[in-house]
Amino acid sequence: MTAIEAALEAAAEAVRATGGELRAGGTDVMTRPARPLVDLPAGADLHGITWRPDGSVRVGALTTITDLLADARLTASYPALAATAAAIATPQIRNVATVGGNLLQRNRCWYLRTPGFACHQNGGDTCPARDGAHLYSAVVDQGPCVAPHPSTLALALLAYAATADVHGRAPLEIADLYGDDPTRDHVLDSAEILRAVHLPPPVSGERTAYRRATARERAEWPLVEATVRLTLDGDTITTAAVAAGGIARTPLLLPEVAEALHGGPATPDAFAAAADRATARCTPLPRTAYKVPLLHATLVDALTAACTP
Amino acid sequence: MEFSVNGKVVDVDVETTDTAAELLRERMGLTGTKVACGTGVCGACTVQVDGRTAAGCLLPAGSLAGREVTTVEGLGGDHPVQRAFAAHDALQCGYCTPGFVVEAAAFTDRWRAEHGTAAPSREEIAEALSGHLCRCGAYAGIYAAVAAACAGEHDDPEAAAPARVEAVSKITGAARYTTDVVLDGMLEGVIVRSPHPHAKVGEIRCDGPLAELLPPDRVVRYAGQPVAAVAAPTRAEALALAARVEVEYAVLPTVLSSDDETVVFPTKEIRETAPRANEGPLAKAEWNGNVRGPAAMSWRARTAAKRIERARKNGDRNLVEATYTTGVQAHTCMEPHSCVARWNGGELRLHLSTQAMTRVAEQAAERWGLGPGQVHIVAEHVGGGFGSKVNVTTDVVAAVELARLHEAPVRVVLSRAEEIVDGGTRPGTRIDLAVLTGEDGGLAAFTMDAHGDSGVSIGSNAAWHSRFFYGNAPRRIRDYDHITNRAPGIPFRGPGLPPMLWALEQAVDETALRRGEDPIALRRRWDGNPKRRALYDRVSELPLWRDRTDPGVGRVRRGVGVAAANYMYFLDPGTKVSLTVEQGTVVARIAASDIGTGSRSVIAGVVRSALDLAPGQVRVELGRSEHAYGPSAASSCSTASIAPAAQDAARRLRKALRGHSLAEAEGLEVVGRRPRDRRGYVTPFALDHFAIGRGFSGAVVVTEVEVDTLLGRVRPTRVWCGIAAGHIYSPRLARSQCEGGVIQGIGYALFEQRQEDPATATVLTANLEDYRIPGIADTPEIDVHFHTEGWDHVPGRGVGIGEISTMAVAASIGNAVRHATGHRFHDLPIRPDRLLEGIAE
Ligand SMILES: Cc1cc2nc3c(=O)[nH]c(=O)nc-3n(C[C@H](O)[C@H](O)[C@H](O)COP(=O)(O)OP(=O)(O)OC[C@H]3O[C@@H](n4cnc5c(N)ncnc54)[C@H](O)[C@@H]3O)c2cc1C
Ligand code: SF4
Ligand code: FES
Ligand code: FES
C-alpha cells in the first residue's frame, strides 16, 4: 500500500469506526447537526490540477472552487466549467468549498434541514414536502423524494462527460455517481472517498454559458439552472451538451435537447424547439408547475447567451 | 495546534466540531467577528485566512493550523476601506460591519493590485460582497465606500471625517454588543421550546435547575413557543442539558385556520395574555371564536357602505375592488435577541439588546417586584431592532430567572432559527378593498376590511391607518385578527402600514389608470396634505417620472410606479438629556439606545452647534438606564423627542456657564427637557410615555423596475424617496436610514416571506438561506429627498423618518410592475413563480 492509499484507508476506517462523516471544506457538513467528522487527508493526492499527456486533466477532489477558477489554463480550456463554478454560492464559500464537497453535498430541502420531520432522506418512509410546502422542489418527479439535487458544479462535469475517481472503484461517469435511488444524494457510502474528477481533452472554439433563475440577484440557490456547450460551424450547431439543475433528484444531462440542436441552426426557434424537448420530461407537483416555463426560459436564455458573441 | 492571528502566533487545542468563529470569539476574545446566521449566508463572521476570506461560522477551527488569520481587529482601523466605511456612512447598527469590512479590505487590496486606482463598477462590488447581508440596508453607503477606497480616496487618514460619531468603534470591531458581553462565572442559557403547535404542558423533568416560561394555563399555542430554560457553563453543555429536559405534552388539536372548531384562547382571562402586534393602545373589539374584530376606525361607515353597495350593483366603472394579500415578514435583526442578566444585592443588572431600555426597566421592575432604580440596563450598541426589541422578551425572562436560580450571571442569545420563528414578525394580511371615485373625480368612499394572519397575537391593525389618508371622504374601516396556532406577530417598522398601503396605493393607481389620469396628478387632487403636495410637484418634474416610456413587449420591460404614505407623529414628551462638563468637554447622557438610527450623532450635532464646540468637545453616552430618562427607539419618536431635549440642555448649559469656558466649569451639570409643542398634542396626556403630536409626516416613493419576463425576476433599478418630516438633523445619517427603509420595502415586496409546513404550521424558513432578505446586488440607486418645511409648531422643527421611509415602497413596486407588465399583482411577495403565472394569464 502506498502512503497515499494508507492515508485514504485510515480516513475511511475512522469514518467506519465512528459512524461519522468525511469533511472537506466543511461548508455543508457544518450546517448540519453535529456528528463525528473525519477530515480528508491533506497529504494525499486529493489536491491540485494535473494535466495529462493526452490533454485531459485531473482535478483533485480537495481543490477549492476558487483555486479552480484561478487556474487560467483550466478556465480557458473548459469555459463552461468556469462559468458554472463562478456562479456557485459566494466568494467566502467558494474559497473554502471543494470540488468533491460540491458534488457530494446533501440536498437543501427545508424539511430535511428543519428538526422534527422524518422523511426518506433521514430514515423515515414518507415525504412531507410532496403533500406540503414544495415551492422549490423538483419538477421532474423521480419519486419518492422530490428535493432538487444541489450541486451546480455537476452540471458542468456532466456537460464535459467527466469521470469520477473514487478510491477503490473503477472510474465512474458523473451520472453514475448519482445513480437512480431518489432517496440518496449520491451512491457512495459514507467511507468512500472521491479522489478526483477527470475531464477529457478540451475542445477548442466551443460556445458555452451558464444561467440560473432566482428571485434575488445573487447568492441565492437556483430555482432552475443550466449549463450549455455548443460548437458551431457557421450558424449550424455541430455538437451540443446541455445539463440542468434545480429540477430533479439528480443533476440532469438533457441528451434530448442536445439531439434536437444537433445539426440544426442556432436560431431562437431552434432553441425554443429544443427546450420543448426538456419540458416534455416535466411532471410537476402542484406548486412547481412554474418551473416548467422557467426551465424552458433558462435553457433558451443559456443557449442564446452561448451563441451571442 | 499553532496558528497566527493578527500577526501573533498562538497555540490552542481544538475539537473537530469547533468552528473558527467560536475559537476566535469565545476563546480568544476577538468578538469583532460576529455570528448572525451560523449557516454561511450572511458573512458577519468573515475572517481572512492567508489573505482569502472565509465564513468563520462554518470554517473548522482545525483548518487554521499553520495559517495566518486576520480578523477585523487585525485591520486595526488603518485600512483605507475602513475609513471609507466611516466617511460614507456604510453602516447603521454596525453588527454586519466587521464582516463587510474584512471582505471589502481583501477585495480592495486585490483590486488595487490589479487595477491601480480605477474605481470598480457596482456589479463588481456587488459580486465581491454578495456573501454579506445587512438588515439595516446600508448598501448604498457600502457601494460608495468600496468604490472610493479602491479609487484611493481614503489613503490619506485625514481625508474625510466619520459621518457617525461611533463609526470608528463599529468599523474596528471594538463596539461591544450584548452578544459580546462575557462576565466572570457567566453561564449560557438555552430555551426549551415546544415542538407542538398546540399542547397542554404537564410535568417537566430536568436534572438541574430549570426556569419555566409557560403562560398561566400552561398551554403552548405555537411550535417554537418557550417552555423552559436551562443554563450551563458552555452553550454546548446547555444545549445538551436542554435536550435532556423531559416535557410531558398533552397534544391539543392544531388550529390552522380561524374557522377551526377548537378555540385558541378559550377564556376571557387567557385572552388577556394574548401578545400584541400593534403599538400604543388597542382598539376595542369583540371576540368570536378565533376571530377578533371588527376593530372599527370608520368615518361615516354607513354612507361609505351604501355608496359602495350601490356602485357594485350598478356595475360602476368608477369602483375599483380587489383583495390583496401580504406575507408574514420577519424582523430578523442581525444581532439576535440577547440578554446577560445578573442579580447583585437584590438589584437586577442587564446587558440587553433593546430599543427601549427605560420601558423594559419599568416592565422588569414590575415583573420582578423591584423598586425604581433597582433595574440597571446597559445597551451600548444594539444590532438592529425594527420594533422587535421593545419589551421584556423571552431572552430577558430566561436570563433573569436562570441568573436567580444559579446565583450567577447568565447570557441568553437566540439562535437564528429561534430569532426567525419567535423573534418577531409583521403579520400577514388579506385586505378586501373597494374604492369609489365620484362623478367629480374625487374620492367618494371606500371600504377596507383587513384580516390579519397574526398567529396567537392580536392587534394586526392594518386598515386602521387608512382613516387618516386622502381627506375626509366616507370610509368603513374594519380590522380583524384571525387567531391560529402560529407564532405571534409583533410591531414591525410602521406596524400595519406597509400592508394597508400595498392595498390602498394600488387601488388608487388602478383608479388613475381607469380614468386615464396621471397617478401623481390624481393623488395630488385627493391628498390634501400640503407637504406631500410639494413632494408630488417635485417628483412629477423629474426625468424618472416625466420620461416614463412605453414598456413594450420585449423580454425586459421597464416600468415606473408611485405610492405615497402618511404617518402619525409620535414623541415622548418626558424625554430629558443631561449635559455635564468633564475635563474640558461636554458629556451628553440619556437612557436611550442607538439601534443604528443615529441618536448619538444627532445629540452630538445639536449640542456642538448650540454651544459652538469642536467635534472632540462633545461626547455622547447612551445606553445606560441610569442616565436621564430617554424614549424608546420606536414609533419614529427618537429624534423628535431627543433633539429638542438636547437643544434645551445646551441652552441651559450656555446660561449656566455665564460666559465661562468649559475648563473653568468642571462638574457643571444641567438637565434639558423636551419642550412642549406649540398647541400641545392630540393626546391630552402621554400613554405609555407616548404622545401623538399634531400633523402627519409624509412620503412619496417613485420606483423604476426592470421585469425580466422570461426568468420572472423583478429588479428595482432606481428609487426616488421623498420624505416630508421637517428639519433633518443629520442629513447623511437620515439618508442612510431612509435608504435602509427602501431596501426593507424591496425585501417585503419581492423576497421576504415566512413559509411553513401546511400540516403543522412549523416554520420552514428558519434560516437566512430560506428566509430571503435583500442583498447588496438587489439595491437600486436610491435618491432621498427631504422636504423640510411645515413643522413650525415642533421645537427643532423636525420629526421622525425611520418608518415613513419604508411604508410605501412595496406599493410603488406593485404599481411599477403593473406599468411594466400590464398585470396587477395582488399578492406579496411578487416571487418569480407568481410573476410568471401572472403574466401568462
Ligand atoms: C450561501 C451558500 C450558497 C450556496 N450556493 C450554492 C450553489 O449555488 N450551488 C452549489 O452547488 N452549492 C452551493 N452551496 C453549497 C456549497 O457549494 C457546498 O456546501 C460546498 O460545495 C461543499 O463543499 P465542502 O468542501 O465544503 O464540503 P463538505 O461540507 O466538507 O462536505 C460535503 C459532503 O461531501 C462529502 N465529501 C466531501 N468531499 C468528499 C470526498 N472527497 N470524498 C467523499 N465524500 C466527500 C462529505 O462527507 C459531506 O457529506 C452554497 C452554500 C452556501 C453556504
Ligand atoms: S423532498 Fe426528500 S428531503 Fe425533502 S422531505 Fe421529501 S424525502 Fe425528505
Ligand atoms: S454567521 Fe457566518 S455567514 Fe452568517
Ligand atoms: S448595519 Fe448592517 S445589519 Fe445593521
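The questions and answers below go through charges, strands and contacts in this predicted model.

Q: How many salt bridges does the structure hold over all chains?
A: Side chains of opposite charge can pair when their charged atoms come close. In this predicted model, such pairs are counted over all chains, and the number of salt bridges is 81.

Q: Which residue of chain A meets the side chain of Asp833(B) in a salt bridge?
A: Asp833(B) belongs to helix H23 (residues 832-840) of chain B, and the pair crosses between chains to a residue in the loop between helix H12 (268-279) and helix H13 (291-307) of chain A. The two side chains meet at 3.7 Å, N to O, and the partner of Asp833(B) is Arg287(A).

Q: Is Asp833(B) buried or exposed?
A: A residue counts as buried when its relative accessible area is under 20%. The relative accessible area of Asp833(B) is 3%, so this residue is buried.

Q: How many residues apart along the chain are Arg25(B) and Asp180(B)?
A: The side chains of Arg25(B) and Asp180(B) meet in a salt bridge, with a distance of 3.0 Å from N to O. This pair links distant parts of the chain, since Arg25(B) sits in helix H1 of chain B while Asp180(B) sits in the loop between helix H7 (167-171) and strand S6 (187-193) of chain B, and the separation is 155 residues.

Q: What is the relative accessibility of Asp180(B)?
A: Its salt-bridge partner Arg25(B) counts as buried at 10% relative accessibility. Asp180(B) counts as buried too, and its relative accessibility is 4%.

Q: Which residue meets Glu582(B) in a salt bridge, and is that residue buried or exposed?
A: Glu582(B) itself is partly exposed, with a relative accessible area of 23%. Its side chain meets that of Arg589(B) at 3.0 Å, N to O. With a relative accessible area of 15%, which is under the 20% cut-off, the partner Arg589(B) is buried.

Q: Which residue of chain A is part of the network of salt bridges that includes Arg558(B)?
A: The network links Arg558(B) with Glu704(B), Glu706(B), Arg713(B), Arg715(B) and Arg718(B) of chain B. The network also takes in a residue of chain A, namely Glu217(A).

Q: Which helix holds Arg310(B), a residue of a patch of positive charge?
A: The patch on the surface gathers Arg302(B), Lys306(B), Arg310(B) and Lys313(B). Arg310(B) is exposed, with a relative accessible area of 52%. Its place in chain B, within residues 301-313, is helix H10.

Q: What is the relative accessibility of Asp13(B), a residue of a negative surface patch?
A: The negative patch is formed by Asp13(B) together with Glu2(B), Asp11(B) and Glu15(B). Asp13(B) lies in the loop between strand S2 (8-11) and helix H1 (20-27) of chain B. This residue counts as exposed, because its relative accessibility is 65%.

Q: Which strands are the edge strands of the open sheet of seven strands in chain B?
A: The pairing in this sheet is mixed, and the strands follow the order S8-S10-S6-S19-S16-S17-S18. An edge strand pairs on one side only, and here the edge strands are S8 (211-212) and S18 (375-378).

Q: How many bridges join strand S16 to strand S17 of chain B?
A: Strand S16 (residues 338-344) and strand S17 (residues 347-352) run antiparallel. Asn344(B) has Glu347(B) in S17(B) as its bridge partner. The number of bridges that join the two strands is six.

Note on methods
Residues numbered from 1 in each chain as written. Chains lettered and ligands numbered in written order. Predicted model: local features only at pLDDT ≥ 70, side-chain atom pairs only at ≥ 80, totals over all residues. Heavy atoms only, no water. Patch = residues over 30% accessible without salt bridge, like charges linked within 9 Å, V, L, I, M, F, W, Y side chains within 5 Å. Areas by Shrake-Rupley, 256 points an atom, 1.4 Å probe, with all protein chains shown as cover. Salt bridge = Lys/Arg side-chain N within 4 Å of Asp/Glu carboxyl O. Lys, Arg positive; Asp, Glu negative; His and termini not counted. Charge placed at Lys NZ, Arg CZ, Asp CG, Glu CD. Helix = DSSP H or I, 4+ residues; strand = E, 2+ residues; numbered from the N terminus. Buried < 20%, exposed > 50% of the residue type's maximum accessible area, 1.4 Å probe, protein only. Pairing = 2+ DSSP bridges.
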